[in-house]
Each structure stands twice: as structure tokens, then as C-alpha cells.
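User: I am new to this structure and would like to know what the terms used for it rest on. Please go through them one at a time.

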Amino acid sequence: MRQPFRRELSNLIERGRDRQLRLAVTGLSQAGKTAFLTSLVNQLRHAGVEAQLDLLPAAREGRLLGAQRLNQPDLGVPRFPYDPGMAALRDTPPRWPEPTRGISELRLQLRYRPAQQGWLSPDIAHLTLDLFDYPGEWLLDLPLLQHDFYSWCQAQPLHSGDQRRALFSEWLAEADTLDPTAEADEAQLASLSEAYAEGLRRAKQAGFSNLQPGRFLLPGELDGAPVLQFFPLPQLDMSKEALEALPSNSLYATLAARFRYYQQQVVRPFYRDHFRRFDRQIVLVDVLGALNAGPERFEDLSQALSQLMHSFDYGQRSLLTRLFAPKIDKLAIAATKADHVTPDQHGHVVQLLEALLAEPLKDLRFANVPVKALSLAAIRATEAREVMHNGKRSPALRGTTLDGEDVLVYPGDVPPRLPTHDFWQQQGFDFPSFRPMGAGSDALTHIRMDAAIDWLIGDKLV
Ligand code: GDP
């Protein structure tokens, strides 16, 4: 067969095979998933016209013609609320889109002109892109599958950290006195479970991330269901054998049974029915938000991320591979809201992200999963400026706070590695939340969304 002909044929087959791609977006709540997906859809819809996507070759070369929404195939999954999100951004004054709380989906059909035109290739090709958004909190539950109730109780950081203990104090005061051998009292279980969930919610609000069970925070359709009425026992003074021999109506056996039900009926189905079918994934991390919030929460984010990243551990013997055989073949990890720091700091943001995820990144690269770390702002809320400071030009940011005040700030230097004790002592890092910039009918302004899109789908647009 002639070489060019063979190449064309293989391109054609390739394109035929790859007409569909399932791309998932995740991150802990507030990481910026809703903003990212809203911007992603917006950029692709405006791709042929006014979107700034120079880092995406198909767009730069004018081959990406745009995107159209199609009806999604999974009727049981809510549709991602793109229109309400855009309406909020186009409001006066503009507002951030209302965050999603569970899994949602949106199907796009991209139209593009293949890079190499030949007599066999079509003038216009299509790629069906199924976009999913789901809470990263749900991934915190994967490690829960390798535990039984006893080892799970022992693995929970219930008494560690002053701040954390204070947030759970009401629940701890009662839970610490429970007798695992006593007969279970339904009313007490319900009220203690609610107190535990309340502790988790408070901890979440205070900026903690390492919180299990994940569905207690974002219950979705399970809100109020008995399957969410359990909690870890903080004091287990008996042996595991003695505890497991207790009658089925004992407090211990009742909580253990609910824990098993949660594993089988809540955690597993998400991995089996959704996660296993994703082709590509982006994990969003609000590194700058954690830096802004202080050392205890930064450390907590680090722990939560290392737990969450187990869901992408494709080693032959990993829990995930053994249980679900997932097929994600490309991963991006992105520090979001990069417009919260001046452009000269963006390099450091990526370095800090890489430092924060050093172990999981090493494992992924070892397992030969292509992974890229980057920083981006899905929806820009600030503009970079320069100010004169002590006779020198210095970078600064201009934006409008959520209260409507126009400000010019220098948020601080981002450390290129994990912050040390000295960093927290000496260096302030402080920025306010900004109002998004008005969108009008144009494409949303962003930072490096095109780089993220290129990494995630660029190879399918050749
Ligand atoms: P989710 O909970 O992961 O869906 O997070 P959201 O997308 O709702 O984002 C949480 C908040 O982070 C938003 O309400 C904004 O205040 C802020 N945010 C998200 N993306 C950006 C961004 O690109 N730039 C800035 N400045 N703020 C952002």
C-alpha cells in the first residue's frame, strides 16, 4: 500500500473509532468545577468565532468550527446547568454560577476540519464530547472500600488537631461515652449521625477537606436516607474479635451493618456505573484558596488530595484496578483561580501544585498514565496591572470584590515548594474573593483554558 494512502486510511479509522470521548471534571467543593465546565462549554461553543484559544492548535489554525449541544444519553443523570450559569454571569452585576452538588452531564458535538485533507478524509469531522461533573468528595470514599468498620473507625482523625476537635466537639462529647455493646437506640443513632454530619459540614466550611464519608457532605438524592445514619466510634477499647461477636442489635453491629451497606450501595455503584467509563479526567484544586486559609487547612488539603488521588492509581495491584478496571488514559491536574495572583507567580503555582501532589504524580507517571499539571482561571475576575512601588514597577491585580468595591492589590508571593513554618510566620498571603467580569454575548475571558482543552481533547481534533 502507498505510504500516504496507508496513513490516510489509518487517520480515517482512528477518527471513526474516536468519535466519542467521555471527559470528567472533578475537585473538592469550591475548587471551581462549575466555573470550569461553564467556561469549557462556552469556549467550545465560541471556538470558531471570538474565543481566545491560541494554545489549542485546532482553534488557532481555524479548524475548530464550534460546538452544538445534543441530548445526553444517560437519562438518569441531571443535565449540567449551563444556561443558568451563563445567565448568572451575564447578570448586572455579574454573579458566579450556582455550584452543582452531585453528578451532572452535558453532551456536545464538536465540528472540526481535519488537519490533513486528502481524498479519503471528510471535509468536516465530528467529535461527540460527553462532559461529566462530579464532587471530588465522592472520591474520598474509595479508601473506605478497603476498610471494615473496625479499621475505618481507627483510621479517622477524630482526636487530632485542635481546630478539628473543636468542630466536632458536640458530637465527640456524646460519642466518646457510647458503649458499643449496648443495644442500638434508633433515635440516638439518628441524632448522633446528624451531629456527625454537622461536624463534617462545619469542618468543610472552615476549609477542611479530609472528610469521610463523602456523601454526608453532598448527599444528592440520599439526603435523609437511613443509609447515611452511621458514624465512626471514637473509643474502641475491646478487641476486634470481641466486637464482631456482639449480637446484631448491638450498637457496634448496627453501625457496622450500615457502614457495609454504604460501601456496597453507595460507593461501589458510583465507580461501577460512572467512574469506570470515563476516558479523560481533569482534577481541579484550589491551591491558592488553601494558601489563603492558613497552615492547618493547607495540610488538610494535602491529606485529602492524597486520598482522592488513590482513585487514579492504576498500578496493577491497586484497589481501584482490582475492583473496577477503569480506563482513563489521560489526566490533567489544575490549580484553579490563577487570576488571584499576578502573572509572574503562575509558574510557582504549578510548582506548588506539583509539590503538593508529588507522591501521586510519581505513581501515575510510573504507571505510565500521561498526566499534566497546570494553572488556569476558568473565568477571569481580575486584570493584571503594574504599579509604582518605592520607585520600582511592581505587578498588581485590579478587580471588584463581591461587595462591589474596586480594588488594586498585590496578593503575595506563592512559594514554589510546600510552605514551611517560616512562610506562615513571615509572609502574608491574602486576597479577597472577586466578582466575575461581565460576559456579554462574547466568550468568557480565561487564563490557559486553551492549554487544558488541548491536553484533554486536542489529540482527537487532528
Ligand atoms: P465547585 O464547588 O467546585 O463547583 O466550585 P465553583 O465553580 O462553584 O467555584 C467556587 C467559587 O470559586 C466561585 O463561586 C468563585 O467565587 C470562585 N471561582 C471559581 N473559578 C474562578 C476563577 O476562574 N477565578 C476566580 N477569581 N474565582 C473563581
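Analyst: Helices here are DSSP runs of H or I with at least four residues, numbered from the N terminus. The model is predicted. Helix α2, residues 33-45, supplies three residues of the shell around the ligand, the largest share.

User: What makes a residue part of the shell around the ligand, and how many residues surround the ligand?

Analyst: A residue is near the ligand if its C-beta atom, placed from the backbone, lies within 6 Å of it. The shell holds 21 residues, and the closest are K33, T34, A35, W96 and P99. By class, nine residues of the shell are nonpolar, nine are polar and three are charged.

User: Why is G399 called buried or exposed?

Analyst: A residue is buried if 20 or more other C-beta atoms lie within 10 Å of its own. G399 has 23 C-beta neighbours inside 10 Å, so G399 counts as buried. G399 belongs to strand β9. Apart from neighbours within four places in sequence, G399 is in contact with A381, T382, V407 and F434.

User: And why is A325 called exposed?

Analyst: The term exposed applies if 12 or fewer other C-beta atoms lie within 10 Å. A325 has 9 C-beta neighbours inside 10 Å and therefore counts as exposed. A325 lies in the loop between α13 and β6. Its phi is near 45°, a positive value in a residue other than glycine.

User: What makes N368 exposed?

Analyst: N368 has 9 other C-beta atoms within 10 Å, so N368 is exposed. N368 sits in the loop between α15 and β7, and its phi is positive, about 65°, although N368 is not a glycine.

User: How do you know that β8 and β9 pair?

Analyst: Two strands pair if DSSP finds at least two bridges between them. β8 and β9 pair over eight bridges, in the antiparallel sense. Within this pairing, E386 stands opposite P395 in β9. The open sheet has three strands in the order β8-β9-β10, with antiparallel pairing. β8 and β10 each have a single partner strand, so they stand at the edges, and one side of each is left without a neighbour in the sheet. The twist from one strand to the next averages 35°.

User: Which strands stand at the edges of the open sheet of seven strands, and why?

Analyst: The order of that sheet is β2-β3-β4-β1-β5-β6-β7, with mixed pairing. β2 (64-70) and β7 (371-375) each have a single partner strand, so one side of each lacks a neighbour in the sheet. Neighbouring strands of this sheet are turned by 25° against each other on average, direction ignored. β3 and β4 run antiparallel and are joined by nine bridges; L106 stands opposite L131 in β4.

User: What makes domain 1 and domain 2 count as touching?

Analyst: Two residues are in contact if their C-beta atoms lie within 7 Å. Here 21 residues of domain 1 are in contact with 18 residues of domain 2. On the domain 1 side, α12 gives the largest share, seven residues. That side has ten nonpolar, six polar and five charged residues. The centres of the two domains, taken over C-alpha atoms, are separated by 32 Å.

User: Which peptide bonds are called cis?

Analyst: The bond from T92 to P93 is cis, with omega near -10°. The bond from Q212 to P213 is also cis, with omega near -5°.

How values were computed. Residues are numbered from 1 along each chain as its sequence is written. This is a predicted model: local features need pLDDT of at least 70, side-chain atom pairs count only at pLDDT 80 or more; totals for chains, interfaces and linings use all residues. Helices (H or I, at least four residues) and strands (E, at least two) are DSSP runs, numbered from the N terminus. Ala, Val, Leu, Ile, Met, Phe, Trp, Tyr, Cys and Pro count as nonpolar, Asp, Glu, Lys and Arg as charged, and the others, Gly among them, as polar. Axes are lines fitted to C-alpha atoms, for helices over the stretch in contact, and angles run from 0 to 180 degrees between N-to-C directions. Domain bounds come from an automatic or database domain assignment.
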